[in-house]
Amino acid sequence: MLKGVRKLIPRVHKLDPGCLLRMSTQAPRSITTHSDDQLPVQRPRAICRTPESDPVKTFGEACLMVRKPALELLQYLKNTNFTHPAVRYLLYGEKGTGKTLSLCHVIHFCAKHNWLTLHVPDAHLWVKNCRELLRSTYNKQRLDQPLEASTWLRRFKTTNEHFLSQIKVEEKYIWNKRESTEKGSPLGEVVEQGLMRVRNATDAVGIVLKELKRQSCLGRLQLLVAVDGVNALWGRTTLQREDKSPVAPEELALVHNLRKMVDNDWHGGAIVLTLSQTGSLFKPQTAYLPHELLGKEGFDALDPFVPILVSNYNPKEFESSFQYYLENNWLQHEKAPTEEGKKELLFLSNSNPGQLERLCAYL
Amino acid sequence: MAARALRAARRCSELAGAVNRAVWRLPGLTQVRWSRYGPEFRDPLIDKEHCRKPAAELTEEEKYDQDLRKTQLIKAAPAAQTCSVFADPVISKFTNMMMKGGNKVLARSLMAQTLEAVKRKQFEKYHAASAEEQATIERNPYTIFHQALKNCEPVIGLVPILKGGHFYQVPVPLSDRRRRFLAMKWMIKECRENKPRQTLMPEKLSHELLEAFANKGPVIKRKHDMHKMAEANRALAHYRWW
C-alpha cells in the first residue's frame, strides 16, 4: 500500500514499556532530539506515507513500535553467517498488519550497523502505470523504464551516499560513443551517469546491482536487499507495447535484474522481502499467503525462504498504541479516552494496526 | 396483563386505522408521505444503557414497558442509527446532505477525510506556533466543525411573498432547524461550485470550515449579504402575516 512518492521516516506506535525506538528528524526540528538512536546522517526513506500523512508534520517525530516479527528478524540478522549464501526472509500477513513497517525497522537496524541497504519501496510501481517504455539498448528483447529507474537511483544515492565513493567498479562500461566508465572508478559515477542520461538509467540500475552483488561476495561490504511487494516480480503487468500486446514481467529489465538480486547465489548479506496484496495486480483481496500471492513460479524462485507471519496487535500492543495516540493528543474526540471509546475502537478495528490508524485519523 | 392490554391496543389501533382511512378518503386530501409500517408498530429502542440495567433496578413502568415490547411489533432500526459513542447527529445530517445518488459510503468517507484534513492542518499550525499561541489553537475537528456551522447560521431570512401580482423579498425570522439547514446548504454549495477543477472535496471543505471557524471566508460573507438584504427590505416587514 504505497502511494505516490514518499519520503520519510517510518511512523509510529508506542511500544512495550521499555523500548521506544525513535529516529532523528531534520535539524530544524529541535522538539525531538533523541540521543539514544540517532542516525548519523538524515536519510529520507521511502516508505508508505504520502506527504500529507507525514508523521513528522503531525507529531514532530517519527516513532516505530518494536514488535515480535521485527525482533525475530533482527535476531536472525545478528547471527548471519556471511560465508553462507544469503538467506531470504519473507514477511507475510493480512492487510494492514505492519509488514512494511517491520521492514523499515530492519532497514534502520542494518543501516545503523553500516550495512549497505538496497531498498525497493514498492515493486508494484515498476509493473503498472509506466508512462515511457523504451526498448533496451543492452538487450533487444527487454524493455527499459527510465522514469522509475531514475527515481530509484536518486533514492539510492541519498540513502547510501557514503558508500558510493568507497566501492570501486570492477569492469569497464561503455554507455555510448562518447561516454564510458573505466574500471576502478567509484560507483557514484555510474549512478551520476544514470541520473544525467535518463535513457541509460535502467542499465545503470542493472550495473549497480551486479557490482554490489560482486562486492558483497568478495566480502568488502554487507548487503541488505529489502523489497516491498515482491509478489509483483512474478505476477502479471498492466503494461502494453505500442501494438497493445501485453508485457510479461521478465521482459522488463528492472524486474529481470531485481529477480537476479533476490536469488540466493551470492553471500555476504541477507534478503528481506515483503508480500503485499494492496497494489498487486489480478489478485483477490483476501489473498495473503505466500503461495497465493507469489504463484507457482514465484514460490519456486524464492524457495527456500524463512516465512515470518505478521499478525494483528495483541491486547498489550493495542493498549500501547492507544496510549501513544492519547499522549500525543491525536485522539481529539471527547469520548475517545473513555473505556467505552476504547472498547469501540478495539471492536471496530479488530486490533488491526492499519484499520486502527484510519479510525483514529478522524476521531 | 400485558397480553390483555395488547388486545385492547390492537382493537384501538384498528379503530384508529379505520378513522385514518376514512379521513384519507376525503376528496382533495392525498397522503404524500406514508410508511410501510402500520400504526401498531413501535419505534425501536437504541440505548445500550437501558438494555444493560439489571431487572432489579427497573421501575414498575419500565417493567411493564419491557413486557409490552416483547409482544408488540417493532419497526426495524434504520441503517444510519447507531449506539456508537462517536456518533454525532450534526455530522450525520451534514453527511446526508453531501450524499449524491444514495452513495452513503462515499459521503461518509469524504466526511472522515475532511475531519482528518482539518486535524492535520491544525496540528501543523500547532507545531509551528510559539508557546502562547499554542494555547489558542483548537485541534479538535468536531468543535471546529460545530463552531464553523454555528458561525454560518443566518439570524434572519428572506421569504418571497406574493402581493399585488409581484413577489417581494420579505425579512422573516427563521426557525432553528431552517438556520442550521441553510448553514449546511451554503457550505456544501460553496465547496461544490466555487473551486478550481481538480481540487477534491475534503481539501476544499476543510479549508472552508477553518475559515468559517475564524469568521472569514465566502460562506460568512453570504450570511452577511443575507442580513444586509433583510436590513434593506426592512420596510416590507409588515407583509408578513405570521
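Here is a friendly exchange about how some labels in this predicted two-chain model follow from its values.

User: Let's begin with burial. Why is A:Asn352 called buried or exposed, and where is A:Asn352 placed?

Analyst: Happy to start there. A:Asn352 has 12% relative accessibility, and buried means under 20%, so A:Asn352 counts as buried. Its place is the loop between helix H11 (339–349) and helix H12 (353–361) of chain A.

User: What is A:Asn352 in contact with, leaving aside its neighbours within four places in sequence?

Analyst: A:Lys95, A:Gly96, A:Thr97 and A:Asn312. Each of these pairings rests on heavy atoms within 4.5 Å.

User: What makes A:Asn114 exposed, partly exposed or buried?

Analyst: The value for A:Asn114 is 46% relative accessibility. Exposed needs over 50% and buried needs under 20%, so A:Asn114 counts as partly exposed. A:Asn114 lies in the loop between H3 and E4 of chain A.

User: And how do you know which class A:Asn129 belongs to?

Analyst: With 67% relative accessibility, A:Asn129 counts as exposed, the cut-off being over 50%. A:Asn129 is in the loop between E4 and strand E5 (134–135) of chain A.

User: What makes the backbone of A:Asn114 and A:Asn129 worth a look?

Analyst: Their phi values. A:Asn114 has a positive phi of about 65° although it is not a glycine, and A:Asn129 also has a positive phi, near 50°. Most residues other than glycine have a negative phi.

User: Why is the peptide bond from A:Asp303 to A:Pro304 called cis or trans?

Analyst: Its omega is near -5°, and the bond is cis. Most peptide bonds are trans. A:Pro304 is found in the loop between helix H9 (290–302) and strand E11 (306–309) of chain A.

User: Now helix H3 of chain A. How do you know whether its span agrees with the expected span?

Analyst: H3(A) covers residues 99–112, which is 14 residues. The expected span is 1.5 Å times one less than the number of residues. That gives 20 Å for H3(A), and the end C-alpha atoms are 20 Å apart, so the two agree.

User: What makes H3(A) mostly covered?

Analyst: 13 of its 14 residues are buried. After the helix comes A:Asn114, with its positive phi near 65°.

User: Why is strand E4 of chain A described as largely enclosed?

Analyst: E4(A) runs over residues 116–120, and 5 of the 5 are buried, so the strand is largely enclosed by the rest of the structure. Both sides take part: A:Leu116, A:Leu118 and A:Val120 point one way, A:Thr117 and A:His119 point the other way, and all are buried.

User: How do you know that E4(A) pairs with strand E9 of chain A, and in which sense?

Analyst: Two strands pair if there are at least two bridges between them. E4(A) and E9(A), residues 223–228, have 5 bridges and pair in the parallel sense. In this pairing, A:His119 stands opposite A:Ala226.

User: What makes the pairing in chain B a hairpin, and in which sense do the strands run?

Analyst: Strand E1 (residues 156–163) and strand E2 (residues 166–173) of chain B pair in the antiparallel sense over 8 bridges. The hairpin has 2 residues between the strands, and B:Gly164 takes a positive phi near 65° there. B:Leu162 stands opposite B:Phe167 in E2(B).

User: How many helices and strands does each chain have?

Analyst: Chain A has 12 helices and 11 strands, while chain B has 10 helices and 2 strands. Buried residues make up 56% of the 363 residues in chain A and 30% of the 242 residues in chain B.

User: Which elements line the second largest pocket?

Analyst: The pocket holds about 770 Å³ of space. Its lining has 26 residues, with B:Thr82, B:Phe86, B:Ala87, B:Ser92 and B:Arg108 nearest the centre. The elements giving two or more residues are H11 and H12 of chain A, together with helix H4 (89–98) and helix H5 (104–128) of chain B.

User: What does UniProt list for residues 81–234 of chain B?

Analyst: The unreviewed UniProt entry lists "domain: Small ribosomal subunit protein uS7". In the model, that span is 64% helix and 10% strand, and its end C-alpha atoms lie 43 Å apart.

Technical notes: Residues are numbered from 1 along each chain as its sequence is written. Chains are lettered from A and ligands numbered from 1 in the order in which they are written. This is a predicted model: local features need pLDDT of at least 70, side-chain atom pairs count only at pLDDT 80 or more; totals for chains, interfaces and linings use all residues. Side-chain values use heavy atoms; hydrogens and water are left out. UniProt positions are given in the numbering used here, feature names are shortened, and annotations may be inferred rather than shown by experiment. Helices (H or I, at least four residues) and strands (E, at least two) are DSSP runs, numbered from the N terminus. Buried means under 20% relative accessible area, exposed over 50%, partly exposed in between (1.4 Å probe, protein chains only). On a 1 Å grid over the protein atoms alone, a cavity is a set of points where a 1.4 Å probe fits but cannot get out, and a pocket is an open set with protein on both sides within 12 Å along at least five of seven lines; lining residues have an atom within 4 Å of a point. Grid points are joined across faces, edges and corners, and a volume is the space filled by probe spheres set on the points.
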